[in-house]
Amino acid sequence: YQSYDLDYEGDAGPIIRTFGSGPVQITNWALALDRLVVGREMAATVIRSSNADEPITPTTYSSKDFTTQGAAQLPAVRIDKSGVYVNQSERRVYAVVPERGGPSYDVNDLTRLNLDIGVPGFRWISVQRQPDTVIHFPLGDGRSAALLYDPQDDVICWTRIETQGLIERHAVLPSRLEDAV
């Protein structure tokens, strides 16, 4: 940007938009997938231009909610062309996946087969990609939940991790053979 001057108009101007109202206007995360996806308190929204390859500008901007499964005040992670986030209850995890044959997105509940895994509440999210994709979620009780996730092979496997201490956060350091967690 050269300037955030509000007097600029057209495509050269700043993008200043309001979407949602009340608690749904708070944006908790944004993911750069094929389109820009933002998670808000009561919904997830895709922000797009009028054409798939056109940049988002003040004159081509549009937004549309694709789910009312809102987002917790935690980051979301990008995994290839999809994303994973914790919903506003802090107990459920959703995958944001491209809609089949459409320009928008769908959500899949990754906790639907293990509803108790997030009962103490998820407190953070980080992703390990090597040797397999494992998404780590520290829990409110000092334990951690790990999700082995491979959508191509329909693998969704949860496990709990306990130590003699308390787990507050995870750090994932990329490596050649296996990421260090």
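A charge sits over a ring if NZ of Lys or CZ of Arg is within 6 Å of the ring centre and within 35 degrees of the ring normal. With that in hand, I opened the model, which is a predicted one.

**Entry 1: a charge and a ring**

I looked for a case that fits the rule, and I found R169 over the face of W124. The distance from the ring centre is 3.7 Å.

**Entry 2: aromatic pairs**

Next I went through the aromatic rings and got a count of six pairs. I picked out F122 and W158, which are stacked. Their centres are 6.0 Å apart, and the planes make an angle of 25 degrees; the cut-off for stacking is under 30 degrees.

Why does this pair tie together separate parts of the sequence? F122 belongs to the loop between β8 (105-109) and β9 (126-128), whereas W158 is in strand β12 (residues 155-161), so the pair links parts that are 36 residues apart in sequence.

I also checked whether these two are buried or exposed. F122 is buried, at 0% relative accessible area. W158 counts as buried too, with a relative accessibility of 13%.

Elsewhere I noted a cluster in which ring pairs link W29, Y85 and Y94.

**Entry 3: strand β3 and its partners**

How many residues of strand β3 (residues 44-48) are buried? I found five of its five, and the strand is mostly covered. In a regular strand the side chains alternate between the two faces of the sheet. Here I see A44, V46 and R48 pointing one way, with T45 and I47 pointing the other, and all are buried.

Then I followed the pairing. Strand β2 (residues 36-40) runs antiparallel to β3, and four bridges join them. G39 has A44 as its bridge partner in β3. The connection from β2 to β3 is a hairpin through three residues.

β3 also pairs with strand β4 (residues 62-67), again in the antiparallel sense, over five bridges. For V46, the bridge partner in β4 is K64.

**Entry 4: an open sheet**

I finished with the open sheet of four strands, whose order is β9-β10-β11-β12 with antiparallel pairing. Which strands stand at the edges? They are β9 and β12; each has a single partner strand, so one side of each has no neighbour in the sheet. Direction ignored, neighbouring strands here are turned by 25 degrees against each other on average.

Seven bridges hold the antiparallel pairing of strand β11 (residues 144-150) with β12. In this pairing I found Y149 opposite I156 in β12. W158, from the stacked pair of Entry 2, lies in β12 as well.

Technical notes
Residues numbered from 1 in each chain as written. Predicted model: local features only at pLDDT ≥ 70, side-chain atom pairs only at ≥ 80, totals over all residues. Heavy atoms only, no water. Phe/Tyr/Trp six-rings, centres within 6.5 Å; stacked < 30°, edge-to-face > 60°. Helix = DSSP H or I, 4+ residues; strand = E, 2+ residues; numbered from the N terminus. Buried < 20%, exposed > 50% of the residue type's maximum accessible area, 1.4 Å probe, protein only. Pairing = 2+ DSSP bridges. Axes fitted to C-alpha atoms, helices over the stretch in contact; angles between N-to-C directions.
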